[in-house]
Amino acid sequence: MEKTYYDPKDLKKFGDIADFEPELAQKFFDYYGSVFEEGELSAREKALIALAVAHTVQCPYCIDAYTEASLEKGANEAQMMEAVHVACAIRGGASLVHGVQMMNKAKKLGM
Amino acid sequence: MKVTSLASRGHALKDPREQLRILNEETPVLATLPRFGQMLGQSGLYPLKPTGIDIFQMNLGYLCNMTCKHCHVDAGPDRKELMTRENLEHCIRAIEEIDAHTVDLTGGAPEMHPDFQWFVERISKPGRTIIVRSNLTILVTNPKYRAFPEFFKKQGLQVTCSLPFYNKFTTDKQRGEGTYDRSVEALLDLNRIGYGQPGTGLELNLVYNPAGAFLPADQASLEADFKANLQRKHGIVFNNLFTITNLPISRYLEFLLMSGNLDEYMQKLVNAYNPAAAAGVMCRNTISVAWNGILYDCDFNQMLEIPVASAGSRHIRDFDADTLNQREIVINQHCFGCTAGAGSSCGGATT
Ligand code: SF4
Ligand code: SF4
């Protein structure tokens, strides 16, 4: 089997997904481009959000891409790590808050 | 890791020819990248010609109290090169002859030149902008240098200082332990006597350059960010933020090589080539004088020891504006640093 999982070089080939289906790819990339334009949120804030989400979906391509993008948009390392902690807190909290459901059920079943 | 100058380490990169060789052919990627002249040609700018001499930039010497990791000058406390009195006199003549509108004093730490104050007093006059490029930490180094801000004020100098970020981590990483705290102290001193304050006319500018192998952020947006954060954290005010791209030479080139970033960084610069930035490169309206009197198209070419092409006016003693204005600017692969994205010069973005 080829070693094809997560080659950093594949990130540069992202655009090639259009080879198999150009129309949807075009729509996606246009949309993607608009999403990251400076709007009510600055380009820097959007890069930091993307970085946090990248850690939630655990996509190594996105982590590489948005680490660089965050730096190039003028974020610093501490801000970036804080963003990762935000992802982590929501992620952990999402598990933990379901503990209430567990408690509800346990209380119902218990004596 | 303690940083020392390439010169004191006898490092191979202290030879500018070796730096240019690396940039041009060290790896297959570098050898096959488009040449800068080729790109200029496509933009109708080759050969690159000056538009005049608006900025008379002088490098007073490579002596510095710091040894920043990215320094393109390879400056440091061990560097002894300082402009001679004779060359300073030649500069004064040239400045008067062209009635230079802007004189830009850099180094090293220009304040450490023993003739700094004498020289400024000689050239200062109403209507002439004199810029001192200060690393800030020198201004809180000892009582002698602590008195400099008052001298700057008295002479109406424009103070342009390096501050890579509004936090300690990034700043100290690039410029050495303790730099951030001392820079804040110096900025507060400058603010206290009026620098950066509205209505005083005492201009205080900051220079941002990336602490790593990436391009600078958008200048206006980063300026807003710097202003908000420096105000909130320390009550510091300033006028403009200039974003500068790191050029792949000297100690920054060493960093790129050691960290395995050189190929990608050069590709990034080339991909970001912007014809509008190319038309606005600073060598077109600047002349750079080295400590030893040799004339260069810019401070970067000075560090690469590639002097101006005009053989008849290659030393400050033979300064001749007409000859210089006819010259062809000497370019090489490092120039891609000036034309990437929004462009980069000593005055920040160029587009
Ligand atoms: S970057 Fe400036 S302050 Fe730092 S070593 Fe070089 S000349 Fe000195
Ligand atoms: S490095 Fe110097 S010569 Fe080259 S484009 Fe920049 S300013 Fe001009």
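Start by selecting helix H13 of chain B, residues 262-271. Its buried residues pack against helix H3 (60-72) of chain A, and also against four helices of chain B: H2 (16-25), H3 (28-32), H12 and H17 (336-339). Show the side chains of B:Leu262, B:Tyr265, B:Met266, B:Lys268, B:Leu269 and B:Val270, which are the buried residues in question. A lysine, B:Lys268, is one of them.

Before you go on, keep in mind that you are looking at a predicted model. Chain B has a mean pLDDT of 96, and 100% of its residues reach 70 or more. For the complex, the predictor gives an ipTM of 0.71 and a pTM of 0.90.

**Across to the other chain**

Next, pick B:Asp225 and A:Arg44. Their closest N and O atoms are 3.2 Å apart, and the two form a salt bridge. Because B:Asp225 sits in helix H11 (residues 219-234) of chain B and A:Arg44 in helix H2 (residues 43-57) of chain A, this pair joins two chains. Are the two partners buried or exposed? B:Asp225 has 17% relative accessibility and so counts as buried. A:Arg44 is buried as well, with a relative accessible area of 8%.

**More salt bridges in chain B**

Over all chains the count of salt bridges comes to 26, so there are others to visit. Select B:Glu254 and B:Arg9, whose side chains meet in a salt bridge at 2.7 Å, N to O. This pair links distant parts of the chain: B:Glu254 belongs to helix H12 (residues 250-258) and B:Arg9 to helix H1 (residues 6-9), 245 residues apart. B:Glu254 is buried at a relative accessible area of 14%, whereas B:Arg9 is partly exposed at 37%.

Now move to B:Asp15 and B:Arg17, a salt bridge with its closest N and O atoms 3.3 Å apart. Here B:Asp15 is partly exposed, at 26% relative accessibility, and B:Arg17 is exposed, with a relative accessible area of 64%. Then add B:Glu18, B:Arg21, B:Glu25 and B:Glu26 to the view; a network of salt bridges links these residues.

**Strand S3 and the loop after it**

Zoom in on B:Ser134, in strand S3 (residues 129-134) of chain B. With a relative accessible area of 1%, B:Ser134 is buried. What does its side chain reach? Follow it to the backbone nitrogen of B:Leu136, at 3.1 Å. If you leave out residues up to four places away in sequence, B:Ser134 touches B:Glu111, B:Leu139, B:Val159, B:Thr160, B:Cys161 and B:Ser162.

From there, step to B:Ile138, in the loop between S3 and helix H7 (143-146). B:Ile138 also counts as buried, at 1% relative accessibility. Turn on B:Asn65 and look at the C-alpha atoms: B:Ile138 and B:Asn65 are 73 residues apart in sequence but 6.7 Å apart in space. Which residues does B:Ile138 touch, not counting those up to four places away in sequence? They are B:Asn65, B:Glu111, B:Met112 and B:Tyr145. Keep B:Glu111 displayed for a moment, since B:Ser134 touches B:Glu111 and B:Ile138 does too.

**A cysteine in a loop**

Go next to B:Cys283, in the loop between helix H14 (275-279) and strand S7 (286-289) of chain B. The relative accessible area of B:Cys283 is 10%, so this residue counts as buried. Select its contacts beyond four places in sequence: B:Leu48, B:Asp297, B:Arg327 and B:Ile329. For a contrast with the previous stop, display B:Asn229. The C-alpha atoms of B:Cys283 and B:Asn229 are separated by 33 Å, and the two residues lie 54 residues apart along the chain.

**Last stop: the surface of chain A**

Finish by switching to chain A and selecting A:Phe14, A:Ile17, A:Phe28, A:Tyr31 and A:Val35. These five side chains form a nonpolar patch on the surface, and their accessible area together is about 460 Å². Centre the view on A:Phe28, which is found in helix H1 (residues 22-35) of chain A. A:Phe28 counts as partly exposed, at 34% relative accessibility.

How values were computed
Residues numbered from 1 in each chain as written. Chains lettered and ligands numbered in written order. Predicted model: local features only at pLDDT ≥ 70, side-chain atom pairs only at ≥ 80, totals over all residues. Heavy atoms only, no water. Patch = residues over 30% accessible without salt bridge, like charges linked within 9 Å, V, L, I, M, F, W, Y side chains within 5 Å. Areas by Shrake-Rupley, 256 points an atom, 1.4 Å probe, with all protein chains shown as cover. Salt bridge = Lys/Arg side-chain N within 4 Å of Asp/Glu carboxyl O. Buried < 20%, exposed > 50% of the residue type's maximum accessible area, 1.4 Å probe, protein only. pLDDT = per-residue confidence, 0-100. Polar contact = N/O pair within 3.5 Å; in protein donor to acceptor, adjacent residues only side chain to side chain. Contact = heavy atoms within 4.5 Å.
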